Amino acid sequence: LFTVVSSLGIVMVPRIASVFATGDKKKLNEYIMKSFRFIFFLAFPMMMGIITISKEFVPIFLGDGYETAASIINALAPMILFCGITNVIGTQYLLPTKKQKVYTISIVAGLIVNIIFNLVLIPFLGAFGAAIVTTISQLVVVLVQVYYIKKQMDIVRKDERNIAISNRAKAKAYDLMTYTFGALLLIFTLMGVDLIPLLLLVFIYLLIQIYAVYYRIKYDKEM
């Protein structure tokens, strides 16, 4: 899974290096934004899927006696997302744009955190502690890299084209979610699902619709 998420860097590094050499910042921002969208689209469902099926997956794949490995897998699952983010920022942006110093600082910071926390947690939590520390260390790498390129990320996020694309994508996702929720409510009703989960879904559905109507009215008055 890590290989799948990080494979994007192999394709994007030459392109970003070429764009950086020509000084085309707009194209550079566009590539970075596309990479982030791809990573979040791919890594987040993978992470949540592993956490969801780990308890059932471990006995089937590893056999009896390894049930505790599920908690270790859950602790390591966020690594898929964190490694994807560092792949975009570090491998695809920092290295091709000659910001190796920032990249090195982030890696060293993660290494220091890893060593210190391992010394503290492994004696008490064993392999589970090591898994937690590994995830925390990768998160530190992400935070350090984000801190150093925050200005660049603000430029990407505030680009008018990116804002328009993001808003249109959210609108399409909202439409799909509305139809999906409606279909689920109908299916669950026909299946005779317990009342409490059904009422919870109804409440969430109505909350989303009320939220949408509120902002529709608000923006209608402003525009």
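Okay, one bit of vocabulary before we start: when I call a residue exposed, I mean over 50% relative accessible area, and partly exposed sits between that and buried, which is under 20%. And keep in mind that what you see up here is a predicted model.

So, let's take Lys 98. Its relative accessible area is 67%, so Lys 98 is exposed. You'll find Lys 98 in the loop between α4, residues 78-94, and α5. There's something to check in the backbone there too: phi of Lys 98 is near 65 degrees, a positive value, and this residue isn't a glycine.

Moving along to helix α5, residues 100-125, that's where Ile 112 is found. Ile 112 has a relative accessible area of 45%, so we call Ile 112 partly exposed. Ile 112 also helps make a nonpolar surface patch of about 740 Å². Who else is in that patch? Val 108, Leu 111, Ile 115, Ile 116, Phe 117, Leu 119 and Val 120.

Last stop, the pockets. The largest pocket has a volume of about 530 Å³. Which elements give two or more residues to its lining? Those are α8, residues 160-191, and α9, residues 195-222. If you want to click through the lining yourselves, start with Asn 167, Lys 170, Ala 171, Tyr 174, Asp 175 and Met 177. Then carry on with Ile 208, Tyr 211, Ala 212, Tyr 215, Arg 216 and Tyr 219. Sorted by class, that lining comes out as eight nonpolar residues, three charged and one polar.

Okay, that's my tour. Over to you.

Terms used
Residues are numbered from 1 along each chain as its sequence is written. This is a predicted model: local features need pLDDT of at least 70, side-chain atom pairs count only at pLDDT 80 or more; totals for chains, interfaces and linings use all residues. Side-chain values use heavy atoms; hydrogens and water are left out. On a 1 Å grid over the protein atoms alone, a cavity is a set of points where a 1.4 Å probe fits but cannot get out, and a pocket is an open set with protein on both sides within 12 Å along at least five of seven lines; lining residues have an atom within 4 Å of a point. Grid points are joined across faces, edges and corners, and a volume is the space filled by probe spheres set on the points. Helices (H or I, at least four residues) and strands (E, at least two) are DSSP runs, numbered from the N terminus. Ala, Val, Leu, Ile, Met, Phe, Trp, Tyr, Cys and Pro count as nonpolar, Asp, Glu, Lys and Arg as charged, and the others, Gly among them, as polar. Patches are made of residues with over 30% relative accessible area and no salt bridge: like charges are joined within 9 Å, nonpolar side chains (Val, Leu, Ile, Met, Phe, Trp, Tyr) within 5 Å. Accessible areas come from the Shrake-Rupley method with a 1.4 Å probe; for residues, only the protein chains shown count as cover. A salt bridge is a side-chain nitrogen of Lys or Arg within 4 Å of a carboxyl oxygen of Asp or Glu. Buried means under 20% relative accessible area, exposed over 50%, partly exposed in between (1.4 Å probe, protein chains only).
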